[in-house]
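Reader: I should like to go through this fold with you. Could you take my questions in turn?
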Amino acid sequence: MPEEPVPLRFRVLGEVRVWRDGVEVDPGPPGRRTLLALLLARAGSPVQLPDIVDALWADRPPGHAVNMVHRHVGELRRLLEPGLPLRAEGGLLLRGGGGYRLTVPTESVDLLVFRQLVGQARDLGGSAGAVDIFVEALSLRGGDGAGAAGASAPAVTHPLFVELEREYDSVVREAATLALDCGLADRVLTVLASSAARCPLDEGIQALFMRALSATGRPDRALAVFRATAARLADELGVDPGPELTAARPPVTDRPAPSAVSPPAPPAPPTPLPLTTPPVPPAQLPSALPAFVGRHVELERLRVLLEDVDGPRPSSAPVICTIGGTAGVGKTALAVHLAHEVADRFPDGQLYVDLRGFAAGVSPTPPQNAVRGFLDALGVPAARVPESLDAQAALYRSLLAGRRMLVVLDNARDAAQVRPLLPGAAGCLVLVTSRNRLGGLASADGARPLTLDLVTSDDARNALAARIGADRVAAEPEAVAEIVALTARLPLALAVVAARAVVHPSFPLSALADQLRGSHRSLDGFRDAGADTATDVRAVFSWSYDALGAEAARLFRLLALHPGPDLTVHTAAALADLAVGRARSLLAELADAHLLTERAPGRYVFHDLLHAYATELVHADESAEQQRGAVRRLLDHCLHTAHAAALLYDPPTAVITPAEASQESVRAQALADETAACAWFRTERPLLLGVFKQALEHGLDGHVWQLAWCLERFHERLGHWHEYLDLQRAALPAARRLDDPVALGHAHRGLGRACVMLRHYAEAEEQLRCAQGVFEEVGDGHGLAQVQLSLWLLLTRQERFKEGLDELAPTLGIYRASGHRRGQAYVLVATAWGEACLGDCRNALVHAHQALALFQELGARLPEGYTWDTLGHVHTQLGEHRRSVTCHQRALALFREAGDLFNVACVLDRLGDAHLAAGDRAAALSTWRAAREAMRDFDPVWAAEVRRKIDARGGEVPRS
């Protein structure tokens, strides 16, 4: 039977449209469309009447605005439920809680379906299978205009609708980045083109569009996009392209290709030692993989080495290359493939030995055994082979002198095992593979290191196609994408799955993907009963793991509990309860064994299957109590470091004391100054969000509210307001569970402050009043004063200046009584701002200069910026516009120095106002453009207000 149509269907993304029983109906005039979109976007939650009025008329509501809202509601009820009496109980559109709410099924609203699909895509992690789901979600957007197209003019700049645009564009970036990583740029090209047209000055979107064009064979078009964007940036903002846009620029390829010139013949070799003449040159290479694909960059790097063997200026020493990488990454396959490719260039033969450095159940091959094997291959009679290893190695080097020989030393354990097998003269190429770095060969023997990473998504798909057939791969692209993701693009894991597919040709690939998915986060999906241990991923990993020392093995297990995308020496030390120096040595051991990768100096990552292996080990070998202890140590470390960073970055006037660490050995990471604190917050933000989630999962309520407190200032200053709100919403119930009034007061205040930043003013006041009551009851003066400063900010934003000053009145006495000079300065500068807004500029100047003197004495440069900004505001009110410009410029320099992105944007806006008032229209327009760009990502409402100022003075280029 055909599927029944959804009785009501709504579109909010891009435009507002309604279908009833499959037939489109007219929602009515712009105001009604706005109300409908507002109700739909809130997904069944009540929308307060003041919010509706604000969305429909902004700051100019008519006197009968409430009556008009009621009429719109009545007309929407008739539209949505034509047979239902207006005053009937129930229905879809309900009144209550001071507003209205609309309850409709998720599947009937494009925005709700969009969010559901995005959630599904994110649940797949960084897999290629998520790309199709992201694309499906992004395709739901209709129209080319701004959010709520067809709605009333004020609605376009209402926070909710601006946030919808921001939410959509954020998913575009996420989907495009994933598609590019997975080699699926063609899937997102259309949506990127649309977003790039809507956001012509968004360098991130333009860079992704350029990368997608280049990846799909259109570098010329990508170059044209770069040039057009650079021109717009120069014309509208007066800036050059940033590093992200510049990095995406494709190279100019109009240079003539170099002519192919055969290298001159190498000089005649010296006469070989006339000790032996083997009947045929040795040819010991194992068979090459018939299905070898990819590794183009690595192969090209290896081919370049041949120029040092037989190029125009050959090396005077043998050329040695070490090929390193984690277990199963394809080191041997690459070395053997290249060796076969270039074997004809080494007419004296090819030597090969498996040194069994990490083989299961057997000892590594002794170097004397390997040398003896090579001497046999070179025709040395047994009677002529010396007894000692040194003498055997010397004979081996003598035999290779003057010969052109290719030597492959596979699966080496360490440099000592390799060194006796190295030739001593020019004309030879040596390829060494190992799971260890073999750094000694690079430093002492001139070896060139090459480290293999995972293969690309394209190469992974091609490898599957080469093994099981291109038609079978093409028939199930979604299953192939999931297999590629679940194997983490590890060649060994891909080979295991391909072998299973070959053995079971009737199995659909989707069934194999289901098996892998069912065993995700373990390695069970990569083993068949009776399989050779050489193709068992878990067994292959174990060969590297078993070679570790006991401490390194324990650290490897515990690192599976780390929730961040990468880890540092300090977090590793906390997890394993180690001194930092010892943790550094053990991390180096893990990196040398290629069980970790040092992506950047001091920052280490797993690949996904190794992380799964470590997770299996930690659950098998560490008790639940030991795991909880490791997580608690990491949480303690992060909390105490975050607390120290918060006090350095921008210390609040009421400081909490974090709970004692669970073990005395846990220490906070040392941070030198405010700059280091800000850098630490920026770098470790993903980790901090991860440990916050762990604290929630483990019921560590003290860590929950205290981590939220530590991150407040950072999130506020850098515009991470939605994360700020999410953390504070979790902190409040945690504080309630603790039954700690101080914790509760700070949690209410933190949530209120986050609501202020996001313009949720009604909730903000409710939360701040709760905090005020808590601190009054417990007699916490500093806590109360900090709440009153936040109330002043809320009331000032609402232009309730007199009420704001009334809230501040008691706080100066609190800080003076306790000798808290920083708190006094904050109150003075806030008072000056409010006085200037009420026209009392003389007192405002006095109070601002008092605050400035205090902040300068304290060396508090960030709040000194607030004071210069306030002085600029006061001089504007006095009509002293040149002085205002100077003050705002000083504030701007201080905020930029501190990395305070939010206040940089605010001051740029006010500096533009001051320039205009001083008669410099060009400077005003330029500064406003910079302000708009700076604040667009975190305060789109204010950015829209700045845009209107630019438009009003004819300074904006029409939208493309």
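Author: What follows is a short discussion of the sheets, the hairpin, the nonpolar cores and the cysteines in this predicted model.

Reader: Let us begin with the five-stranded open sheet. What is its strand order, and is the pairing parallel or antiparallel?
Author: The order is β8-β9-β10-β7-β11, and the strands pair in parallel. The edge positions belong to β8 (350-354) and β11 (448-451); each has a single partner strand, so one side of each has no neighbour in the sheet. On average, neighbouring strands are turned by 15 degrees against each other, direction ignored.

Reader: How many bridges join β7 to β11?
Author: Four bridges connect β11 with β7, which spans residues 319-324. Within this pair, Cys-321 stands opposite Arg-448 of β11.

Reader: Which strands does helix α13 touch?
Author: Helix α13 (residues 331-342) packs on the sheet and touches β7, β9 (406-412), β10 (429-434) and β11. Its direction makes about 165 degrees with that of β10. Helix α14, residues 367-377, lies across β8 and β9 and runs at about 150 degrees to β8.

Reader: Turning to the N-terminal strands: what joins β1 and β2?
Author: They form a hairpin with five residues between them, and Gly-14 in the turn has a positive phi of about 85 degrees. The pairing of β1 with β2 (residues 17-20) is antiparallel, over four bridges. Arg-9 has Trp-19 as its bridge partner in β2.

Reader: Which side chains of β1 are buried?
Author: Leu-8 and Phe-10 are buried and point to one face of β1 (residues 8-11), whereas Arg-9 and Arg-11 point to the other face and are not buried.

Reader: Now the packing. Which residues have the most contacts inside the largest nonpolar core?
Author: They are Phe-556, Leu-559, Leu-587, Leu-590 and Phe-681, in a core of 145 residues. Helix α28 (residues 624-649) supplies the largest share of this core, ten residues. Leaving aside residues up to four places away in sequence, Leu-559 touches Leu-567, Ala-572, Leu-575, Leu-587, Leu-590, Leu-596 and Phe-606. There is also a second, separate core of 79 residues, which includes Ala-55, Val-104, Phe-134 and Leu-138.

Reader: How many disulfides does the structure hold?
Author: The structure holds zero disulfides.

Reader: And are Cys-428 and Cys-887 buried or exposed?
Author: Cys-428 has a relative accessible area of 1%, so Cys-428 counts as buried, the cut-off being under 20%. Cys-887, at 7%, is buried by that cut-off as well.

Conventions: Residues numbered from 1 in each chain as written. Predicted model: local features only at pLDDT ≥ 70, side-chain atom pairs only at ≥ 80, totals over all residues. Heavy atoms only, no water. Pairing = 2+ DSSP bridges. Helix = DSSP H or I, 4+ residues; strand = E, 2+ residues; numbered from the N terminus. Axes fitted to C-alpha atoms, helices over the stretch in contact; angles between N-to-C directions. Contact = heavy atoms within 4.5 Å. Buried < 20%, exposed > 50% of the residue type's maximum accessible area, 1.4 Å probe, protein only. Core = buried A, V, L, I, M, F, W, Y, C linked by side-chain atoms within 4.5 Å. Disulfide = S-S within 2.5 Å.
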